[in-house]
Every structure is written in C-alpha cells, then in structure tokens.
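The following exercises concern one molecular structure. Please work through each task before reading its solution.

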Amino acid sequence: MTNAKPWLAPTAEAGSFASGMLGLEERKLLYELARRVYTGEGAVVELGAFCGASTCCLAAGLKDNPGAAGHRVQSYDSFVADEPYLVDFVRTLFGETLELGQSFQAIYRRATSAYADLIEVHSGDLIEQSWPPEMPIEILFVDVAKTLALSAKVLTEFFPPLIPGKSIVIHQDFYHPTAFYLPVVMDYLSDHFTIIEAGRDWSVVFRLDTAIPQEKLKIAGLYKFSFAQQQAALRRMMRRVGMPGSAYLRISECAAIGTYFGDHRFRKALAVAIRSSSLPADRVWSDGLAWCSDFRAFRIRNRLYGSAFLMPSPTWADKVRLILSTAMAASSCVLHPRFGARSSESELSNS
C-alpha cells in the first residue's frame, strides 16, 4: 500500500540530488525511510558511501525527522578507487584527476559538507572494521558487498544487531548480475525477512521479522552452496520479487552460470534470457545487459573469491542441473520462475 510505503507517495522527495550513481527512486527510498519510517531505536548504518549521494539522502531524512534528534548516519567506505569504473566516474562527474588506488575521501567530504554534523565517517577496509554488538541497527544500507568476503562481513558483523520486527535492510546491488549471491543469501534467510519493496532501481528492501541464529548467519557467510542450490534459490527469489525483478534475476542467473561454467555457457544462457524477456524499455535491464557485454568468468571468479582458483569446481549434480535447465530452455525458449523452484528451503542449509 502506498501509505505504508512513503517513497511511493506522489509527494515523495529525494532529499538530495548530490552527484552519484543512485537513481531517483533509490534516493526517494532512502530519504523517506530516514524521514518517515526511522524511529530512533537503532542506528542508521551505510555500508558503501562512494561519493556521498546515499549519505546525503539518509542525512537529509534524519534532518527532517523530529524523532531522529541526536542520531547520525554511520557511514563506512574505504574511499579508495580500486576499480577502473570508479576512476572514470569521478573524473567524468566531478572533473577530478583520480588514479587507480587513490583516495577520494576529500571528494566525499566536500559532497556531504552540508550534512557534516549528521554524519560519522568510518574510513578503511570494512573487513577490518567492527560494530558494537550491543548497539542496535534500525536501518542498514548495503552497497559494499562486492565480494563474498565483504558479504560475509556484513552478515556476521552488521546483521546480528538488527532489531526483529523493525529493522530495514536495503541491498543496493540486489539486481546487479555479478551480485547473484545476494538473492541466494536472502533466500536462505527468507524465514526471517519480508520483502517490503521489490525494486527501486537496483535496490530491494527487506524487514527483519525474527531474530536470525548466529549459526545460520555463519553458514550464509561461508557461502558453500553448490551451483544447483544457488540456481534453485535464484528461481525462488524470482517468484518472490515478481516482475520486473524476476527478469533482472534472469541475468543474475546467467552470470552465475557463466561464473561456474565459463563464458560460452554464459553467452548461451543470456541469449535465451533475452529472447524470453517481455520487458519494455527498462533502465535496470538495459544497464544489466550493457554490463554483460564485457562478461569474463575468470575476472568474476577472481573478484568474488580473491583468486579464481579458490572457487569450488562444479559438482556432478551441478552439471546435471545445468544440462536439464538448458534442455528446458531449448524446448520452451521461456524460463519460467517455477522451473527448478521445487527444492525446499532446507536444501541450502544442508550444504
């Protein structure tokens, strides 16, 4: 319902249009969450600030929320341009000369200066950061889980302080093709979360309903799920998010196939996904396809695992599942979310 989702109201505001990669709908989401949903019972934590667009939207919401007095955005980032696309983005948008491996924290500080008193910056590698376990988190914005190690850090360090029945988790990379592990993990934790927003640009929003056992978070963080388990989880998540999110997750499934079985398999799966898509012009879909044009399995393995050689090899069952799902696709040319979705939730926990 719109009145339960203030970011969908006709009067919804973005709070800030600071330069960054966030879409307009994501900006409205963050601002309205901080302004109208946040109660002050826990902290507002941002994992992955980049140049401050999300920081400004959250801080603007706190500023306009009478119940947020005394609270600040806890903003985490390494503030190091460790990917070429970050260097290009900063040079293009800010006109700043930035080299690979160089800090952009000064740019972030300037971009967020209007809200400096509402932000507490935590600079450095998130793997080496910590969060006081006794301090609850009410809003958790995640835009840092770019590797399996970082995803594990988020799960084991920042999920335990979430407040059952209240806390909100925003996964900004949920529909990014190479982040296929995020929907897999959230499917594994689905007994504890409700999806309250299935898509604002790339972001999906979850509410924590029940406390998550520490052992379950540890299993999610280890991410030792087989390909067959991951594909089944992706198919279940497609059902949960509906359209257009299920179409975006088709591309994520293709990326998972490519990561485990190579570039040729990726291209074949992507061709089927494109033929079976009925989406009209859509920015998230188009951006996902644009990214896919430069897909390299070896590079993705390196990024996710730290080394391509650390990725577990597909099992016999994984190969059989791929053959069967490929045969289904070939016979129907339409991969429906129901296919392969009969696996029980307990499959993942048995890894």
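What is the relative accessible area of Arg72, and is this residue buried or exposed, or does it fall in between? The relative accessible area of Arg72 is 35%, and Arg72 is therefore partly exposed; buried means under 20% relative accessible area, exposed over 50%, and partly exposed in between (1.4 Å probe, protein chains only). The model is predicted: local features need pLDDT of at least 70, side-chain atom pairs count only at pLDDT 80 or more, and totals for chains, interfaces and linings use all residues. Residues are numbered from 1 along each chain as its sequence is written, and side-chain values use heavy atoms, with hydrogens and water left out.

**Exercise 1. Identify the salt-bridge partner of Arg72 and locate both residues.**

Step 1. A salt bridge is a side-chain nitrogen of Lys or Arg within 4 Å of a carboxyl oxygen of Asp or Glu. The partner of Arg72 is Glu120, with the closest N and O atoms 3.1 Å apart.

Step 2. This pair links distant parts of the chain, 48 residues apart: Arg72 lies in the loop between H2 and S2, and Glu120 in strand S3 (residues 119–123). Helices (H or I, at least four residues) and strands (E, at least two) are DSSP runs, numbered from the N terminus.

Step 3. Glu120 is partly exposed as well, at a relative accessible area of 30%.

**Exercise 2. Describe the salt bridges of Asp287 and of Arg200.**

Step 1. Asp287 pairs with Arg283 at 3.4 Å, N to O. The two are separated by about one helical turn because they stand 4 residues apart in helix H11.

Step 2. Asp287 has a relative accessible area of 33% and is partly exposed; Arg283, at 42%, also counts as partly exposed.

Step 3. Arg200 pairs with Glu197, the closest N and O atoms being 3.6 Å apart. Here Arg200 counts as buried at 19% relative accessibility, and Glu197 counts as buried at 5%.

Step 4. The structure holds 21 salt bridges.

**Exercise 3. Characterise the surroundings of Arg301.**

Step 1. Arg301 is placed in helix H12 (residues 297–305).

Step 2. Arg301 is buried yet has no salt bridge, and the nearest side chain of opposite charge, Asp263, is 6.5 Å away. Lys and Arg count as positive and Asp and Glu as negative, while His and the chain ends are not counted.

Step 3. Leaving aside residues up to four places away in sequence, Arg301 touches several residues, including Tyr260, Phe261 and Met311; contact means heavy atoms within 4.5 Å.

**Exercise 4. Locate the two phenylalanines with positive phi, Phe50 and Phe79, and the cis peptide bond before Pro244.**

Step 1. Phe50 has a phi of about 50 degrees although it is not a glycine. Phe50 lies in the loop between strand S1 (43–47) and H2, and is buried, with a relative accessible area of 13%.

Step 2. Phe79, likewise not a glycine, has a phi of about 55 degrees. Its place is the loop between S2 and H3, where Phe79 is buried at a relative accessible area of 0%.

Step 3. The peptide bond from Met243 to Pro244 is cis, with omega near 0 degrees. Pro244 belongs to the loop between helix H8 (227–241) and helix H9 (245–261).
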